[in-house]
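Let's work through a few exercises together. Keep the sequence and the 3D view open as you go.

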Amino acid sequence: MDTALVLLILSLFWLLGSSSIPSLIRVVGYQGVLLGVLPILAYGFEREVLLVGLSGLAVKGLIFPWLMQRALREARVTREVEPLVSYNLSLLLGVLVLGASLVFTAEIPLPAAPPSHLLVPVAFTAVAVGLFLVVARKKALVQALGYLVFENGIYAFGLAVLPHAPLVIEAGILLDALVAVLVMGITLFHINRTFDSLSTERLVQLKD
Amino acid sequence: MNEVLTGLVILVVGGLATLFLNHRWVALVTAAAGFLTILQGCGLVLALQTPQSLELPWAVPGGSFSLVLDPLAAFFLAPAALLGILASIYAVGYFPRPGRRSTWFFLHLMMAALGLVLLARNGVLFLVAWEVMALASFFLVTSEDEQRQVRQAGWIYLVATHLGSFFLIAFFAIAPDFGQSGVGPVAFVLALIGFGSKAGLVPLHIWLPEAHPVAPSPVSALLSGVVINTGIYGLMRVLSHPPEHARAIGWTLLLVGAITALTGVLFALAQRDLKGLLAYSSVENMGLVCLGLGLGLLGQPLATAAAMLHLLSHGLLKSLLFLAAGSVLHQTHTRDLEEMGGLLRRMPLTGLAFLVGAAGLAGLPPLGGFITELLLLLCAVQAMQHNLLAGLVTLLTVALVAGLALAAFTKAFGIAFLGEPRSQRAARAHDPGPLMLTPMALLALGALGLAAGTPWLLSRTYPEQSAVLASLLSFTGLVVALAAALYALRSQLLKTRPVGAAPTWGCGYLAPSTRMEYTGLSFSQPLTDLFASVLHHRVHQPRMEPIFPAEETFSDETPDLFEDEVYRPMLEGLVRLSGLLRRLQHGRVQFYVLYVLVTLVGLLAWGQL
C-alpha cells in the first residue's frame, strides 16, 4: 500500500520534470493503473471495492492514455512540453507542495482513519501538481493531462472515505472525468484546426 | 374555492392542449370554460362575503400551499376572468392563422398564474406564481419578436419585472405572513418598490409604455386591464391590516400617486403612438388609484372605495380601448397616429367603442372615470377640513390630471378617427368581423352598466355621496337620452328629403390635401410646450436659412424623462464599472486556472487559521 503511494509520488515528480509529451501520457497511464490497484490494496477483495478499482483502472489506466495518444497523433505537434516554469523549479515546487500537504492534511477531519497516513497528503499533492501543470505549461494537450492528474488526486482522496461514500459518488466522479476528457479531446481538435497549433498563447486572440 | 381552482386547472390544461392541437376553438372553449368556472367561484364569495381557504401539502422549504379566496381577491379575480373571456373571443378573430402555437399557451398560463397570485397566502407560493405570470407575459410581449423594437421592449420588461421580484423576495423575507399583521416602514418600502414596479408607478414605470404597445392587442388589453392591477392588489393586501406609521405611508402613497398620475398623463399627451398613449394613460390611472389609497390611509375611507372603483372601471375601459386600437392596428397596420385619420366614417362601430372608452377615461359623465374622479374630489374637499395639505394636493392633482387626460383622449380620438385619412391604408380600413366587435360592444355596455350601478354599490356605505351621484348620473343620462332622441328625430326628418354633401369651405383654396390637417403634434403642442420643462420634447425643425432652402425634414420625439435622465446615466456608470473587471479577462488560460489555484490555496490557508 505505502509502496504504491510512494510510486505515485515519484510519478508526480516525473510529470513535473519530464519534457516529452508521450512520456507524460505514459506516466499518467501508470498512475491510473496504480490508482486502480490502490483500493484493492487498501480494502481487500470485496465486491464493491473490486468494482471501483477495476473500473478506475480501465478508465484511467487504459482509455484515457489511449485517447490522449490519439489526440497527440492527430494533432501532429512537436513533442516538447514547452514549460512556462522551468523543469528544475517545477520539481522544487513539487517537493514544497508535498511538504505543505503533509502539514496541512494532518488537521483535516475525516469520518474514519484512512488506510494509510500517506494517502491524504499524496492525494493533495496530486491535486496541486495537476493544477500546477495546467498553469505552468503552454500546450493545451499538457493542460488536459494536468486536469487528469488533478482528477486522479480527487479519486485518491475519495479512496480515503471509500467505505463511507456510496458507490454512486465514485461512479459519478469517474463519469465526470470521462466526459471531461471527451470534451477536451474535441476542444483540442478544434483548437488545433483553427490555430494550427496547440499552444494556448494563441488563444489570447479570442479575447474581444 | 373549488370552482376557482378547477377553473385554473382547466386553463392550464387548455393551454397545454393548444400546444398540441393548434386550434383556436380549442383555446377559446377551454378559456371560456375556465374563466366561467372562476367567475362562478368569485361570485359566490362576493355574494356571501365570507372567505374560503384551502391547504394542500407542498414539500418546499419555507413554503405552504395555502390558498384563500376572500372578497378582496375575488374583487380582483372576477373582472380578470370576465376580461379574460372577452379578450379570448377577440383574440380568435385577431391572431393570424395559423398563429404561433405558444401564444395561446402563454395567454392561458399567464391568466392561471394571475389567479394563483391572487389566491396565494404564502410568500414562496406567491413568488412562484408571480414569476410564472411575469415570464408568461414576457413571452406574450415578445410574440412578434421579428421586430427589433419588440425584442428591446421585451428585455426592458424582463429586467424591470425581475428588479421588482428582487424587492418582493426581500419583502417576503421580512414580512412572511403577507398582510396578516401591520407592516413596518422597511417592509412597506420594499413592497412599494416591488409591487409598484408591476403597477407602473413612477419612476418604475418605464417598462410599461415600452412593453404594452408592442404586445398583440388582446394581450395589451389584458396586461393593462388586469395584470398591472396585481401590483395594486399586492399593495392593498399588504395594507389590509393597519400598518405602523399609517400617516407617513399614506403621504408616501399620495405623493407617489400624484407624481405618477401627472407624469403619465403628460407623456400620454405627447405620444404619437396610439397604443403608447394608452399605455401612458395606464400609468396615469394607476397613479390615481395609488393616490386614492394614500388619501384613504389619511382618514378618508371613501377615497379607498373610489380607488377600487377606479381600478374596476379603468380595467374595463382600458381593455376596451386596447381592443379598439387593436382593430385599428389590424386594418391600418400602424400604431402611428399621424398615419390614421377619418376612421370613424370607415369603422363606425370600432370608432364608437373607442369613443366610449376615451370618454370614460377622460372623465366625461356618465362613465367610470367621471364618477371616481368626482368621488376623489369630494374626498379631497372633506380632507381639507382637517388635513389641508393632503386635500389640496389631491384636489389640484385630480383636477389637472382630468383636464390633461381630456386633452390626451381628444387627441387620440380626434386624430385617429376624425378628419380625412392620412394614408392609403387608413383610407381602405373597415370594421372587423363580429368576433372582434362583440367583445368591444360587451365591454362598452359593461362600462356603462358599471357607471349606472355605482350609486347602488355605494348606497349602503355612503348614502349621502351615493345620492349626489345618482342625481348627477340621472341628469347626464337624461341629457344623453335627449341628444339621442334629437338625433333620431333629425334622421327621421331627413329620411324623406334630399341631403346634399359638399366639401367644407376652404377659404377659397382649391386643392386642399390631407397634409394640411391638424396633426397629433400640432394638436398637443400648446400643452406640451407649457410642460416643456418635464417633457423634454425634441423637435427637429427645418431651417429656412438660405434664400433657396434645400429639402428638409421635420421630426419630433418625446423620450421618457426617467429613461433618459435617470436610468441611462445609471446604466452607463454600471457598464463603465464593469469594464474594470475586463482586465481580469486577458485570454491566458493558464492565468484563469491560476485564479482558481490561488483561491483554493487561500481558502486552505484561511481554514488553517
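Helices here are DSSP runs of H or I with at least four residues, strands are E runs of at least two, and both are numbered from the N terminus. By that numbering, B:His333 sits in the loop between α13 (301-332) and α14 (343-346) of chain B. Please remember throughout that this is a predicted model.

**Exercise 1. Work out what is unusual about the backbone at B:His333 and B:Gln49, and describe where they lie.**

Step 1. Start with the general expectation: most residues other than glycine have a negative phi.

Step 2. Read off the angles. Phi of B:His333 is near 55°, a positive value although the residue is not glycine. B:Gln49 also has a positive phi, near 60°, and is likewise not glycine.

Step 3. Find B:Gln49 in the chain: it belongs to the loop between α2 (24-48) and β1 (52-56) of chain B.

Step 4. Decide whether B:His333 is buried or exposed. Its relative accessibility is 53%, and exposed means over 50%, so B:His333 counts as exposed.

**Exercise 2. Find which peptide bond joins B:Val202 and B:Pro203, cis or trans.**

Step 1. Look at omega, which is about 5° for this bond.

Step 2. The bond between B:Val202 and B:Pro203 is therefore assigned as cis, given that omega. In general, most peptide bonds are trans.

Step 3. Place the proline: B:Pro203 is in the loop between α7 (185-199) and α8 (208-214) of chain B.

**Exercise 3. Describe how α11 and α17 of chain B pack.**

Step 1. Take the geometry. Helix α11 (residues 246-270) and helix α17 (residues 388-417) of chain B pack at an angle of about 20°, and their axes are 9 Å apart.

Step 2. Angles under 35 degrees count as roughly parallel, so α11(B) and α17(B) are roughly parallel to each other.

Step 3. Add the handedness: α11(B) crosses α17(B) in a left-handed way.

Step 4. Sort the contact residues by class. The contact of α11(B) with α17(B) has 20 nonpolar, two polar and one charged residues.

Step 5. Pick some out in your viewer. On the α11(B) side, the contact residues include B:Trp251, B:Leu255 and B:Leu262, while those of α17(B) include B:Val393, B:Leu400 and B:Lys411.

**Exercise 4. Do the same for α15 and α19 of chain B.**

Step 1. Helix α15 (residues 348-361) and helix α19 (residues 434-459) of chain B pack at about 30°, with axes 10 Å apart.

Step 2. With the same cut-off of 35 degrees, α15(B) and α19(B) are therefore roughly parallel. Their crossing is left-handed.

Step 3. From α15(B), B:Leu349, B:Thr350, B:Ala353 and B:Val356 meet B:Leu437, B:Met440 and B:Ala444 of α19(B). These contact residues divide into six nonpolar, one polar and no charged.

**Exercise 5. Explain why A:Gly153 and B:Thr37 count as buried, and name what they touch.**

Step 1. Buried means under 20% relative accessible area. A:Gly153 counts as buried because its relative accessibility is 0%, and B:Thr37 because its value is 17%.

Step 2. A:Gly153 is in helix α6 (residues 140-160) of chain A. Apart from neighbours within four places in sequence, A:Gly153 contacts A:Ala123, A:Ala126 and A:Val127. A:Val127 is 26 residues away in sequence, yet the two C-alpha atoms are 4.7 Å apart.

Step 3. B:Thr37 belongs to helix α2 of chain B. Leaving out residues up to four places away in sequence, B:Thr37 touches B:Glu3, B:Val4, B:Thr6, B:Gly7 and B:Ile10.

Methods. Residues are numbered from 1 along each chain as its sequence is written. Chains are lettered from A and ligands numbered from 1 in the order in which they are written. This is a predicted model: local features need pLDDT of at least 70, side-chain atom pairs count only at pLDDT 80 or more; totals for chains, interfaces and linings use all residues. Side-chain values use heavy atoms; hydrogens and water are left out. Axes are lines fitted to C-alpha atoms, for helices over the stretch in contact, and angles run from 0 to 180 degrees between N-to-C directions. Angles under 35 degrees count as roughly parallel, over 145 as roughly antiparallel, 65 to 115 as roughly perpendicular and the rest as oblique. A crossing is left-handed if the near helix is turned anticlockwise from the far one by less than a right angle, and right-handed if clockwise. Contact means heavy atoms within 4.5 Å. Ala, Val, Leu, Ile, Met, Phe, Trp, Tyr, Cys and Pro count as nonpolar, Asp, Glu, Lys and Arg as charged, and the others, Gly among them, as polar. Buried means under 20% relative accessible area, exposed over 50%, partly exposed in between (1.4 Å probe, protein chains only).
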